[in-house]
Amino acid sequence: MNKAENTHLREPLVRLAKQDGVPVKKKVGIRAAAIVLALVIDALFIFLVTKLNPIQVYAEMFKGTFETSLRFMWAMRDMVSLLCIGIALAPAFKMRFWNIGAEGQVLMGGFATALCMMYCQSLPTPVLFLVMILTSVICGAVWGLIPAVFKARWNTNETLFTLMMNYVAIQIVAYATNILRGQASSLGTINMGTKIGWFPKIAGHDFTLNIIIVAVLTVLMFIYLKHTKHGYEISVVGESENTARYAGIDVAKVTLRTMLISGAICGLCGFIIVAGNKHTIATNTAGGNGFTAIIVAWLAKFNTFYMALISFMLIFLEKGAGQIASSFGLNDFITDIISGIILFCILGSEFFINYRLIFRHKK
Amino acid sequence: MENMHTSDAITLKGITKSFGTKVIANKNISLSIRRGEVLSLLGENGSGKTTLMNILSGIYYPDEGQVFVGGKEVAIRSPGDSFALGIGMIHQHFKLVDVFTAAENIVLGLKGHGKFDLKAVGEKVRAICERYGFDITPEQKVYDMTVSQKQTLEIVKVLYRGADILILDEPTAVLTPQETEKLFGVIREMKKDGKAIVIITHKLHEVLSVSDRVSILRKGEYIGTVDTKDATEISLTEMMVGKKVTLNIDRKVPVNPKKRLSVQNLSITGEDGIKVLDNITFDAMGGEILGIAGISGCGQKELLEAIAGLKIVDAGSSIDFIEPDTDKPDSLIGKTPRQIKEMGITLSFVPEDRLGMGLVASMGMTDNMMLKSYEQGKSFFVERKQPHDLAEEIKGDLAVVTPSINTPVRRLSGGNVQKVLVGREIAAAPAVLMTAYAVRGLDIGTSYQIYNLLSEQKDKGVAVMYVGEDLDVLIDLCDRILVLCAGKMTGIIDGRTATKEQIGLLMTKTSHGEESANV
């Protein structure tokens with residue numbers, strides 16, 4: 001019993017308890033507090049490190065997205081590219097199929113579109129667009145389907161497989177652009193003069209169609225996941241394959257079908273990026289969005305409307321960081337820290353929504 | 001509050017522990033554990049027994065209240081603290097490393113300098129085993145041990161570490177009647193040796209046969225402590241449940257039983273080449289409950305899954321469904337669950353793994369109702385009206401306690417989860433109803449509700465198959481009992497004349513008819 005005396009007579013300082021059913025008001029409050037906290041920490045950081053006035057910096061940051069309507073439209077354009085991939089990932093992730101190959105799937109779709117723009121110029125416009133859509137969707141779908149086939153047939157690990165497919169796609173595009181550009185230093189804008197295969201300008205922007213397409217996809221995917229038999233099957237397979245088999249669901253079939261859809265939407269995303277925005281193809285056409293979209297899909301818990309909000313937040317931070325970097329002559333690291341602190345606080349606040357801290361109380 | 005007794009090993013005063021804001025697992029509990037005595041901690045599932053013991057073993061810290069060990073107030077903040085105080089917990093699920101020997105498992109996690117002297121450890125282990133009559137040797141590998149030996153090893157482990165207060169969490173759940181008797185013998189030995197022993201259980205006859213005092217918890221509250229000699233099964237049940245309950249099963253004599261399922265030479269070879277089912281032949285009758293007894297893991301799960309179309313069977317096996325109207329046999333071999341359904345045969349199946357197979361844990365009752373019927377109709381969209389109505393109906397009929405029918409079923413208690421699952425399977429109006437451990441983890445009231453639901457189905461002419469572990473219930477509920485031992489069928493006996501000892505023997509019998517220690 002000697003050891004017993006060594007045991008402290010005090011309860012631990014802080015304990016954690018899981019909680020659920022937090023009222024909406026409190027959730028909003030916690031998140032608002034997180035943003036305020038982020039702004040305060042950032043203000044200290046900005047003041048102490050850069051000696052700038054934090055208020056001015058925040059104002060600049062805000063301008064990144066909202067200064068002019070054109071800036072806002074650019075932000076929307078970039079947001080829908082990200083959101084579109086998030087939508088593509090949603091069914092796969094909901095099925096617990098870790099598709100981290102969106103980058104490659106988008107690239108293959110964009111590559112197909114670019115090839116069509118270069119080699120099918122003689123087709124009438126509607127037919128050309130149809131061919132562009134079809135080929136890009138098929139390319140993306142095939143890129144998504146290959147890992148799914150291996151998973152369904154031999155139970156290979158889809159995380160590694162989809163990841164590696166990215167590099168294959170990048171190398172194909174690198175190789176092809178090398179050949180296509182000939183002596184030029186880059187492939188350049190395709191059909192610069194004729195604008196063949198470019199989205200028509202609507203309301204002054206050629207990417208307006210991008211926004212419309214993704215908005216429609218957001219609604220469709222929401223309905224698909226929530227109200228269709230396919231969506232139901234995806235949820236069951238994701239939750240437990242045993243339950244799926246018990247219910248008579250063909251797990252392999254659902255896996256293949258879902259990855260086909262996931263890859264196809266990624267391909268479509270490649271199509272709208274090339275036809276509606278970049279008008280060229282390069283290894284960085286997807287621009288890392290294939291990975292950022294993973295965060296978007298997860299944070300939104302696969303709800304496509306939340307995804308739109310989160311994509312917007314990420315793009316807002318990105319644009320804001322760019323803006324303060326150029327107006328104050330700051331380097332990327334500082335702006336990354338500023339937006340990083342905001343992200344950290346917002347994501348960290350989820351912890352306080354899921355857990356309750358219990359402090360030692362006086363006896 | 002009880003007065004402190006000189007022989008008190010542990011005294012708890014006003015222990016309260018809550019999870020979240022709604023769940024109070026322990027509410028102002030005060031009780032004492034004495035040396036040289038066996039205390040039963042009795043209560044239904046969810047009454048807070050395990051939470052209370054987890055507080056003693058340092059896994060949880062109480063919100064309020066005091067713990068005294070040997071008369072001194074202590075704070076147990078980690079399993080290490082608990083250890084240092086001489087408290088040893090034997091968990092329901094063994095925490096052993098399969099490829100290690102008994103001795104290696106015992107020293108695993110102990111602090112010390114330099115190399116362990118396994119020889120000295122072995123000597124000490126041997127001494128403990130001789131003292132209490134344990135049948136393990138220090139050199140034995142865990143994978144060679146029977147379930148009962150593994151449990152023994154867990155007990156030796158805590159004794160080796162110097163525990164003089166032992167807490168056993170549902171120790172008999174995995175044992176045969178014979179092994180249970182042996183365990184009780186060991187417990188009595190340790191009691192004589194002056195150890196304080198706590199048994200967490202909900203089996204009344206065990207409480208009566210092994211303990212000196214019984215402390216009863218109900219819904220997190222301390223109800224009282226009685227001396228076992230003054231208690232009866234009925235008085236304990238009333239304290240445990242809080243009201244008078246009638247514990248009887250209305251077993252009617254089967255009316256005109258008709259062959260509904262014919263299983264012949266059913267064998268299944270596992271991935272490692274070992275036969276998990278070996279040449280099983282039996283018939284299941286409509287209007288009858290066929291019990292299936294056996295130590296867990298003897299092929300019960302595979303048997304039901306094979307019939308449900310979830311397991312690939314060996315060549316030469318046959319499973320026929322006999323059509324009620326035409327007596328025409330339909331082979332179920334090689335059919336998937338959906339194909340069986342498309343043949344117009346309704347097999348209902350309540351699997352052992354409720355949340356991992358029978359239900360989708362993250363979905364509410366409504367979405368779980370659709371699990372086996374969602375694909376009906378031609379529409380691309382799911383139809384939630386009918387499932388919603390069914391969910392409401394089951395919620396009402398079976399008194400399912402849930403905040404809403406859309407609350408994820410994982411948040412419901414075990415009993416309510418089971419009601420949802422059984423309710424859905426019965427609502428399908430099955431011809432064959434298979435259940436695996438249908439009452440595992442349920443309180444007495446709910447258990448009897450389930451037994452009676454199964455009996456009703458039997459009276460309606462359904463062929464009910466009931467895989468169970470409580471032999472008393474099997475004998476009371478079933479018309480015939482099939483006994484499995486290591487994948488082989490060791491007998492089918494009449495439920496009305498069977499005795500526990502008879503079933504216990506069949507459960508441990510090999511095909512050669514000799515009793516085997518290694519099952």
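These exercises with worked solutions look at aromatic rings and confidence in a predicted model. Residues are numbered from 1 along each chain as its sequence is written, and chains are lettered from A in the order in which they are written. Local features need pLDDT of at least 70 and side-chain atom pairs count only at pLDDT 80 or more, while totals for chains use all residues, and side-chain values use heavy atoms, without hydrogens and water.

**Exercise 1.** Work out how the rings of Phe66(A) and Phe72(A) are arranged.

*Solution.* A search of the whole structure finds 23 aromatic pairs over all chains, where rings of Phe, Tyr and Trp (its six-membered ring) pair if their centres lie within 6.5 Å. Phe66(A) and Phe72(A) have ring centres 5.8 Å apart and planes at 25 degrees, so they are stacked, the term for planes under 30 degrees apart (over 60 is edge-to-face, the rest tilted). As a next step, ring pairs link both residues with Phe62(A), Phe312(A) and Phe316(A) in a cluster.

**Exercise 2.** Find the charged end that sits over the ring of Phe207(A).

*Solution.* The criterion is that NZ of Lys or CZ of Arg is within 6 Å of the ring centre and within 35 degrees of the ring normal. The charged end of Arg77(A) sits over this ring, 5.4 Å from the centre of Phe207(A). In chain B, Lys124(B) lies over the face of Tyr160(B), 4.3 Å from the ring centre.

**Exercise 3.** Describe the confidence in chain B.

*Solution.* The mean pLDDT (the predictor's confidence in each residue, from 0 to 100) of chain B is 87, and 96% of its residues reach 70 or more. For the complex, the predictor gives an ipTM of 0.82 and a pTM of 0.80.
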